[in-house]
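Please open the model in your viewer and keep the sequence panel visible beside it. The tour below proposes a series of selections and states what is to be found at each.

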Amino acid sequence: MKQVRPTPRLRFSTRVLLLQLGVVFAVVLITAGTFAALTYQRLGDQAEARALAVARAVASGEDVRRETAALATSPASALTPASLAHGPLQLGAESTRERTGAFFVVITDDTGLRLAHPNPALLGQQVSTDPSVALGGGEETSQDSGTLGHSARAKVPVYAPGAESDVVGEVSVGFSSDDIAASLGPNILPLALTAAMSLVLGALASTMMGTRLRRLTLGLEPEEIAGLAQDQEAVLRGVDEGVIGVSENGTITVFNQGARRLLAPDSTADFGGIPLSHSGLPPFLLAAAAGSEYGPSEHVAGDRVVIVSARPVKLDGDDARALGKVIMVRDRTEVQALTRQLDAVNALGTALRAQRHEFANRLHTVAGLLDLERAAEARDYVSAIMSNGPLRYPARDLGMLGDPYLEAFIGAKSIEAQERGVELRIGADTLMRGHVTDPQDVTAVLGNLLDNAILAAVSGSAAQKWVEVELLDDFSAAGATLHLVVADSGEGLPPAGASDSSADAAVDASELIFAAGFSTAAAEPGVADPIAGHGVGLALIRHLARRRGGDVWVADAGSPTTHGAVFCARLPGVVSAVPDEAVPVPEEKP
C-alpha cells in the first residue's frame, strides 16, 4: 500500500502574509468600487442637471411655445410623421440635439404625442415614459430607459405664449448613459493608479511585518511557541533552583519562584521586564550577566549561601544569534553546613585510624610481654594504658569537655592542627555538664572558628603557634545554651582603614569579616590560592547561630604584639542537661 505523504502546511508567517495581502486587496477593491460608484453617480447628476438646463432653454423659446400651442389644438389625425418630420419643431429639436451633444430632444403636446423626436418614424406616437409631471406644470430629472436606450433625462413643461400657467406640452432632453460611462474613464485612471500603489504598499508592509514576525518568533510556528511556553512553565515551576533569564540589553525576562525564594523572599515586585541593574537584586548577578561565562561561584544572599553560574543562550542555526544569558542560582546553605560536618567526620576518621594503629601496637606490646612470661610488666603496662585512656590526642585536658562527641571532634582537630605545627588546647575556664544534642550546628560553628584560628596561627609570626578553645554550657530558665570562645596566636584582624589602628576601625573590621565574600585569609605555605573558598564561612555560621536565637561575634580583634582575634559564639538549644553527673576536673600539669 502506497503511503500518502501529508501535504506540507504553509508557515505561519506565510499564512499571515497571504491573509494580510487578501485583506489589503479586499479593502482596496471595496474602496475603488465605492469611489467609482460615487463618481458615476456624480457624473449622472451632472448629466441630469445639464439635461434640465437644455430642456428649460428649449421649452422657453417663443417659437417652440407658439408651434407647440398650435399643434396642440390640431386634430390627432394631422399629427403624422410625414407632416411633422419637416416641421419647425423637429428641425429645431434636431439642431439643439446636435449642438448640445444630447442623446435626444423630444417635444410633445399636452397629451404626450411626440411632436419632435430623433427617430422620425416615432413622430405622432405616445412617448414611452410618463410625461404627467411635466404636463402638470412640474419639472423632473431621472435616469431611465426609453426607446433609444438608458439615459439621464430631464422633463420640463411648455407653456402657451403669454400664459405661464397654460401647459401645452413638454420638452424631454436626455444624455446617454454610455456617454456618462465614457466620461468616467479619466476619473478611473487615477483611481486605478492609487489602488495599484495601495496594493504595492500593502504587499511591502505585509512582507516587512512577516519578516519582523519571523524574527520576533525566532522562526518558530505558533504550535512550537505554545509547546515551548508549556515546557518553560513546567521546568521553571518544577525546579527548586533559581532561574533568571537576562536579555542582551540587560533586561530580566525570566524570574522563577526559586530565584525569588533565594534572592528576594520578602519582595512582591514583578522583576520581569525591568533592567537587572535597577532591580535591587544582589550585585553579584550583574557580574554573572556581564561575562560570557561565569561561575560556579559561591555567594551569600541574605541569610543563605548560594552557588551562582551563568551561561550564554544562543539560537541554533547557521547564524547563531545571541539571545542573552541564563543565570542559575542554587541553594547551598544546608550543603555548606553538612560539608563542614563531613569534614569533621573525615578528620575524626583519620584520627581514629591513627589511634587504631597505636592501639594495635599496644596490643602487640602486651602480647609480647605475655609471651615472655613477664606478666607483672604486662599488668603495669595495661594499668598505665587504663589510666591514660585508650586514645591519645595532642590536645590535653579533653576530659574537661565531658561529651564524647566534643572530645572526638576537638581531638581530631588537634591532630590536624599538630600536623600544621599548631598546638590546640582546652581553656582553663571550660565547663561542660551536658551533652550535645545538635551536632550539625555545633560542628558547623565550632569547626569554622577552629579552621580559621588554625589558619591564622599558621600565618602568624609568633614562635609558638597555638589555638585555644573554651566551652561553657549554661542551664537557665530560658533554656540550655552552649558558649564558645576561640582564640589564636595569629596577627589579629586588620583594621578597616589602611593605617588606622583606632578602636573604631577595629570594631568596623570586626563586622566587616562577617560580610559575604570578605576574607582575611593570608598566604599559607604550599597553598597556591589562599582565599579560594573563603569569605562564606563566617557569614554562614552567624546565620546558623542567629537562626537559633544566638550569635557569633568578635570579642577581641587582637594585634601582632599580643594575640590573635578572639571569637565568641552563643548557641541556644544545642545541649541537654545531665543531672547528678560529676563535673570533670582538669589534670594537674607537671
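Helices here are DSSP runs of type H or I with at least four residues, numbered from the N terminus. The model is a predicted one.

**The whole chain**

Begin with the entire protein chain, which holds 15 helices and 17 strands. Of its 590 residues, 39% are buried. The accessible surface amounts to about 31,800 Å², and carbon and sulfur atoms account for 58% of that area. Among contacts with a separation of 6 or more, 60% join residues 24 or more positions apart.

**Helix 1 and its surroundings**

Select residues 12–59, which form helix 1, and find Leu19 within this helix. Is Leu19 buried or exposed? Leu19 is exposed, because its relative accessible area is 59% and the limit for that class is over 50%. Add Val23 and Val27 to the selection: together with Leu19 they make a nonpolar patch on the surface, with about 280 Å² of accessible area in total.

Now move to Arg56. Its partner in a salt bridge is Glu139, and the closest N and O atoms are 2.7 Å apart. This pair links distant parts of the chain: Arg56 belongs to helix 1, whereas Glu139 is in the loop between helix 5 (132–135) and strand 3 (140–146), 83 residues away. Arg56 is partly exposed, with a relative accessible area of 42%, and Glu139 is partly exposed with a value of 42%.

**A salt bridge within helix 2**

Next, select residues 62–72, which are helix 2. The side chains of Arg66 and Asp63 meet in a salt bridge, at 2.8 Å from N to O. Why are Arg66 and Asp63 separated by about one helical turn? The reason is that they are three residues apart in helix 2. An α-helix has 3.6 residues a turn, so residues three or four places apart point the same way. A search of the whole structure finds 13 salt bridges.

**Thr100 and Ala152**

Select Thr100, located in helix 4 (residues 88–100). Thr100 is buried, at a relative accessible area of 18%. A polar atom of the Thr100 side chain lies 2.7 Å from the backbone oxygen of Thr96. Beyond residues up to four places away in sequence, Thr100 touches Arg50, Val54 and Phe175.

Continue to Ala152 in strand 4 (residues 149–159). Its relative accessible area is 0%, so Ala152 is buried. Apart from neighbours within four places in sequence, the contacts of Ala152 include Gly44, Ala47, Glu48, Ala51 and Phe175. Ala152 and Ala102 are 50 residues apart along the chain, and their C-alpha atoms are separated by 9.9 Å.

**The largest nonpolar core**

Which residues have the most contacts inside the largest nonpolar core? Select Ile410, Leu446, Val467, Val469 and Leu471, which hold that position in a core of 46 residues. Several elements each supply at least two residues of this core, among them helix 12 (404–419), strand 13 (466–476) and helix 15. Helix 13 gives the largest share, nine residues. Leaving aside neighbours within four places in sequence, Val469 is in contact with residues including Ile410, Leu424, Arg425, Leu446 and Val485. Apart from this core lies another, of 31 residues, including Val58, Ala102, Val156 and Val168. In soluble globular proteins, nonpolar side chains tend to be buried together.

**Charged pairs and Ser489**

Return to Arg425, which forms a salt bridge with Glu468; the closest N and O atoms are 3.1 Å apart. Arg425 lies in strand 11 and Glu468 in strand 13, so the pair ties together parts 43 residues apart in sequence. Lys413, Glu416 and Asp451 are also worth selecting, as they are linked in a network of salt bridges.

Then select Ser489, in the loop between strand 14 and helix 14 (503–512). Ser489 counts as buried, because its relative accessibility is 7%. Its side chain reaches the backbone nitrogen of Trp466 at 3.0 Å.

**Last stop: helix 15**

Finally, select residues 537–547. This is helix 15, which is mostly covered, with nine of its eleven residues buried. The buried residues include Gly537, Leu540, Arg542 and Ala545. Just after helix 15, Gly549 takes a positive phi of about 95 degrees.

Conventions. Residues numbered from 1 in each chain as written. Predicted model: local features only at pLDDT ≥ 70, side-chain atom pairs only at ≥ 80, totals over all residues. Heavy atoms only, no water. Patch = residues over 30% accessible without salt bridge, like charges linked within 9 Å, V, L, I, M, F, W, Y side chains within 5 Å. Areas by Shrake-Rupley, 256 points an atom, 1.4 Å probe, with all protein chains shown as cover. Salt bridge = Lys/Arg side-chain N within 4 Å of Asp/Glu carboxyl O. Buried < 20%, exposed > 50% of the residue type's maximum accessible area, 1.4 Å probe, protein only. Core = buried A, V, L, I, M, F, W, Y, C linked by side-chain atoms within 4.5 Å. Contact = heavy atoms within 4.5 Å. Polar contact = N/O pair within 3.5 Å; in protein donor to acceptor, adjacent residues only side chain to side chain.
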